[in-house]
Amino acid sequence: MRLDFERILMDGIQDMIFVIEVEKGDEFHYGFMNKAAMKGTGLTQRALGRCIMDVYPEEMAAFLIGQYKKVLSEKRSVKYQDSYTDARGEKAYSETTLNPLFNESGECNEIIAIVKDVTAEKQAQQEAREKEEQLDESHANLRIITENAHDLITLLDEKGSIIYTSPSYKKILGFEREEFITKSFLYKVYPDDVSILKDWIEQAIKCGESARVEFRQYNQAGDLKWFESVGTPVFDQEQSLKHLVVLTRDITLKKEYEEKLTYFANYDPLTRLPNRRLLNERFEDVIHDLQKNQEAFAVIMMDIDSFKAINDKMGHDAGDQVIKEFGKRLSKSIRATDTAARLGGDEFILLLPQTGLREEAAEVAEAIR
């Protein structure tokens, strides 16, 4: 049973997903949005292909375009938070992550926006601050609040050592919560992420403001999980740090969705072959090689004879199996440096770099036939 990535993105993800196409260097058009995005923004399929400036009021559009331009100028992911009034007339908060997709030439052609509702998290932070003012050194009241928490709640001292862990440590990480007491917050963290997390702790304490970080950590079973932490420093009346309150959530599924988004943007979900977008990028590479090094290439275009009759007589499921099998055999017939791509329907194209003779391309075509 093959995964329908488009259906997963459209119906299966609760976060709002947008794919923004970058045109003419600084124009941003809607290329895709899932149902959660349409429900949350009130936009419809009519917005697809339209410029952000034509969809939103001027002030909001200018803000959004500013964020997308920041992605282009800094050539990295950008994350920001915003507030809005929801359908019930209540203030709500969102967090948006903008992930650029670059071609082989280093140009950003598409930006994937993932928008999630963080109202509950904001409320939890506010409640934590309010409750924190009432806590004594024993943290008795904090334990009451955190008994049923679904996220990890951790208190750190000024050295980054753990002085309190919520009961959810057992459920989420599998470890007894006591195992982490007096340990560094870097305990069980993936080695490549230790320096990032260490800098985050120091920065949160030094700046005295909430800070966010993503990192990987091992659970009790030895599995590597993705986590996102928000640290809020708490000071006493003399402005001395009492402790750092850290809310941590498991974002492993979110990371898997992001990987699927990147895959979906470059590969055909039925055959797992490169799609038109990835093919165009590789075309640019071979054209560059031709201009620079005079390395010729060949292109073979293919379709399947009588494919319409297969669909008409045996059904589209059978047609899909034919397409899938054709893609599999095609992949086995080419070199590792070649690219076999599906353009759509039963149309395929084969890109053969460093192929200077017609006879070489003809031999490949005959082998495929």
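Is Lys-254 buried or exposed? In the predicted model, Lys-254 has a relative accessibility of 12% and therefore counts as buried, the cut-off being under 20%. This lysine is found in helix α9. Residues up to four places away in sequence being left out, Lys-254 touches Lys-79, Thr-97, Lys-116, Glu-214 and Glu-228. Two of these names recur in the description of the strands below: Glu-214 is a residue of β8, and residue 228 falls in β9, which covers 224–235.

The chain as a whole has 369 residues, of which 42% count as buried. Its secondary structure amounts to 13 helices and 13 strands. Among contacts between residues at least 6 apart in sequence, 44% join residues at least 24 apart. The accessible surface of the chain is about 21200 Å², and carbon and sulfur atoms account for 48% of that area.

The largest nonpolar core contains 27 residues, and those with the most contacts inside it are Phe-18, Tyr-30, Ile-52, Tyr-68 and Ile-111. Two or more residues are given to this core by each of β1 (16–23), β2 (27–33), α2 (35–41), α3 (52–55), α4 (58–74), β3 (78–85) and β5 (108–117). Helix α4 gives the most, with five residues. Another core, of 19 residues, lies apart from this one and has Leu-152, Phe-175, Phe-185 and Ala-211 among its members.

Within the largest core, the surroundings of Phe-18 can be set out in full. Beyond its neighbours within four places in sequence, Phe-18 is in contact with Tyr-30, Phe-32, Met-33, Ala-37, Thr-41, Ile-111, Ile-112, Ala-113 and Val-115. One of these partners, Ala-37, is found in helix α2. Ala-37 has a relative accessible area of 0% and so counts as buried. Apart from residues up to four places away in sequence, Ala-37 touches Met-16, Ile-17, Phe-18 and Gly-42. The C-alpha atoms of Ala-37 and Ile-17 are separated by 5.9 Å, although the two residues stand 20 residues apart along the chain.

Helix α8 comprises the 14 residues 194–207; at 1.5 Å a residue these should span 20 Å, and the end C-alpha atoms are 20 Å apart, which agrees. The buried residues of α8 are Leu-197, Trp-200, Ile-201 and Ala-204. Because these four cover an arc of only 95° around the axis, they lie on the same side of α8. The elements that cover them include β6 (152–156), β8 (211–218), β9 (224–235) and β10 (241–250). Just after the helix, Gly-208 takes a positive phi of about 70°.

Strand β8, one of the elements covering α8, shows an alternation of side chains. Ala-211, Val-213, Phe-215 and Gln-217 point to one face and are buried, whereas Arg-212, Glu-214, Arg-216 and Tyr-218 point to the other and are not. Ala-211 is also among the residues of the 19-residue core. Strands β8 and β9 pair in the antiparallel sense over eight bridges, and Gly-231 in β9 is the bridge partner of Ala-211. Five residues lie between the two strands of this hairpin, in which Gly-222 takes a positive phi near 90°.

Lys-225 lies in strand β9. With a relative accessibility of 27%, Lys-225 counts as partly exposed. Its neighbours within four places in sequence aside, Lys-225 is in contact with Phe-215, Arg-216, Gln-217, Asn-219, Asp-250 and Thr-252. The C-alpha atoms of Lys-225 and Tyr-190, which are 35 residues apart along the chain, are separated by 9.2 Å.

A second hairpin is formed by β6 and β7. Three bridges join β6 to strand β7 (residues 162–165), and the two run antiparallel. Leu-156 has Ile-162 in β7 as its bridge partner. Five residues lie between these strands, and Gly-160 takes a positive phi near 85° in the hairpin.

Helix α9, which holds Lys-254, has 15 residues (252–266); at 1.5 Å a residue the expected span is 21 Å, and the end C-alpha atoms are 22 Å apart, in agreement. Its buried residues are Thr-252, Lys-254, Lys-255, Glu-258, Leu-261, Ala-265 and Asn-266. Thr-252 is also one of the contacts of Lys-225.

Methods: Residues numbered from 1 in each chain as written. Predicted model: local features only at pLDDT ≥ 70, side-chain atom pairs only at ≥ 80, totals over all residues. Heavy atoms only, no water. Core = buried A, V, L, I, M, F, W, Y, C linked by side-chain atoms within 4.5 Å. Buried < 20%, exposed > 50% of the residue type's maximum accessible area, 1.4 Å probe, protein only. Contact = heavy atoms within 4.5 Å. Areas by Shrake-Rupley, 256 points an atom, 1.4 Å probe, with all protein chains shown as cover. Expected span 1.5 Å × (residues − 1). Arc of directions from axis to C-beta. Pairing = 2+ DSSP bridges.
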